[in-house]
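Work through these exercises with the model open beside you. Each task is followed by a solution in steps.

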Amino acid sequence: NVALMTIALYAVLAWMQWTSPPVVRASWEAPALDPALLVAVVLILAELALLTAIALFFSTFSSSALWSTLFSLGVYVAGIFSGELRELTAAMGSRVAGAAGAFISLVLPSFWSFDVKAQVVHGVPVPLEFTGFTLAYGVLYTAAVLVATVTIFNRRDFQ
């Protein structure tokens, strides 16, 4: 699905580039067919893999699809805001709040780090080191969640 959507995106961007007047194209911060969009696509794919692993994790011990979905959505939203949580607890000046915020932001997946769409669209280069580190983080976190999922699933009693 992601590959098909990427092809469709590039097709629409190509059409926009071919049909837009040169004055309009000159105002764009990045070229329409910028290959840097693929960096955002790869990080979106890693984010989706991590979210899928988390959904599988919650589905192993939740008997309801609704609860599994709500838990997965909750972790996703909390993971998007985990960076702000870390900054907020650091600004509070309390050691307890700082330790709690650091622990929570360490345990939650940092979904915000996968979001480079704004940089790519505005022509800001995404460093290769950042992309590699974020991909490695996503793969390791996904693997850890899947190991926990398999462990829980193997211990379930299906009677």
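**Exercise 1. Place T6 in its helix, classify its exposure and list its contacts beyond four places in sequence.**

Solution. This is a predicted model.
- Step 1: find the element. T6 sits in helix α1, which covers residues 2–19.
- Step 2: test the exposure. The relative accessible area of T6 is 11%. The cut-off for buried is under 20%. T6 is therefore buried.
- Step 3: look for partners. With neighbours within four places in sequence set aside, T6 is in contact with L38 and V41.

**Exercise 2. Do the same for L85, and add its C-alpha distance to A100.**

Solution.
- Step 1: L85 belongs to helix α5, residues 82–92.
- Step 2: its relative accessibility is 27%. Partly exposed runs between 20% and 50%, so L85 counts as partly exposed.
- Step 3: beyond the neighbours within four places in sequence, L85 contacts G101 and I104.
- Step 4: L85 and A100 are 15 residues apart in sequence. Their C-alpha atoms are 9.9 Å apart in space.

**Exercise 3. Is S110 buried or exposed, and which residues does it touch?**

Solution.
- Step 1: locate S110. It is in the loop between α6 (95–107) and α7 (117–121).
- Step 2: read off the accessibility. The relative accessible area of S110 is 9%, so S110 is buried.
- Step 3: collect the contacts. Residues up to four places away in sequence are not counted. S110 then touches G79, S82, R86, S105 and Y137.

**Exercise 4. Check the span of helix α8 against expectation, then find what its buried residues pack against.**

Solution.
- Step 1: α8 takes in residues 128–155, which is 28 residues.
- Step 2: from first C-alpha to last, α8 reaches 41 Å. At 1.5 Å a residue, 40 Å is expected. The two values are close.
- Step 3: list the buried residues of α8. They are T131, T134, G138, Y141, T142, V145 and T149.
- Step 4: recall the helix geometry. An α-helix has 3.6 residues a turn, so residues three or four places apart point the same way.
- Step 5: name the packing partners. The buried residues of α8 pack against α3 (37–61) and α6.

**Exercise 5. Describe the whole fold: its elements, its spread and its surface.**

Solution.
- Step 1: count elements. The protein has eight helices and zero strands. Along the sequence the pattern reads α-α-α-α-α-α-α-α.
- Step 2: test the spread. The radius of gyration is 20 Å, well over the 15 Å that the globule rule gives for 159 residues, so the protein is more spread out than a compact globule.
- Step 3: add the extents. The C-alpha trace spans about 65 × 50 × 30 Å along its principal axes.
- Step 4: check burial. Of the 159 residues, 30% count as buried.
- Step 5: examine the surface. The accessible surface comes to about 10,400 Å². Carbon and sulfur atoms account for 74% of that surface.
- Step 6: check sequence separation. Take contacts between residues at least 6 apart in sequence. Of these, 71% join residues at least 24 apart.
- Step 7: place the charges. There are 6 positive and 8 negative side chains. The centres of the two sets lie 8 Å apart.

How values were computed. Residues numbered from 1 in each chain as written. Predicted model: local features only at pLDDT ≥ 70, side-chain atom pairs only at ≥ 80, totals over all residues. Heavy atoms only, no water. Helix = DSSP H or I, 4+ residues; strand = E, 2+ residues; numbered from the N terminus. Rg over C-alpha atoms; globule rule 2.2 N^0.38 Å. Buried < 20%, exposed > 50% of the residue type's maximum accessible area, 1.4 Å probe, protein only. Contact = heavy atoms within 4.5 Å. Areas by Shrake-Rupley, 256 points an atom, 1.4 Å probe, with all protein chains shown as cover. Lys, Arg positive; Asp, Glu negative; His and termini not counted. Charge placed at Lys NZ, Arg CZ, Asp CG, Glu CD. Expected span 1.5 Å × (residues − 1).
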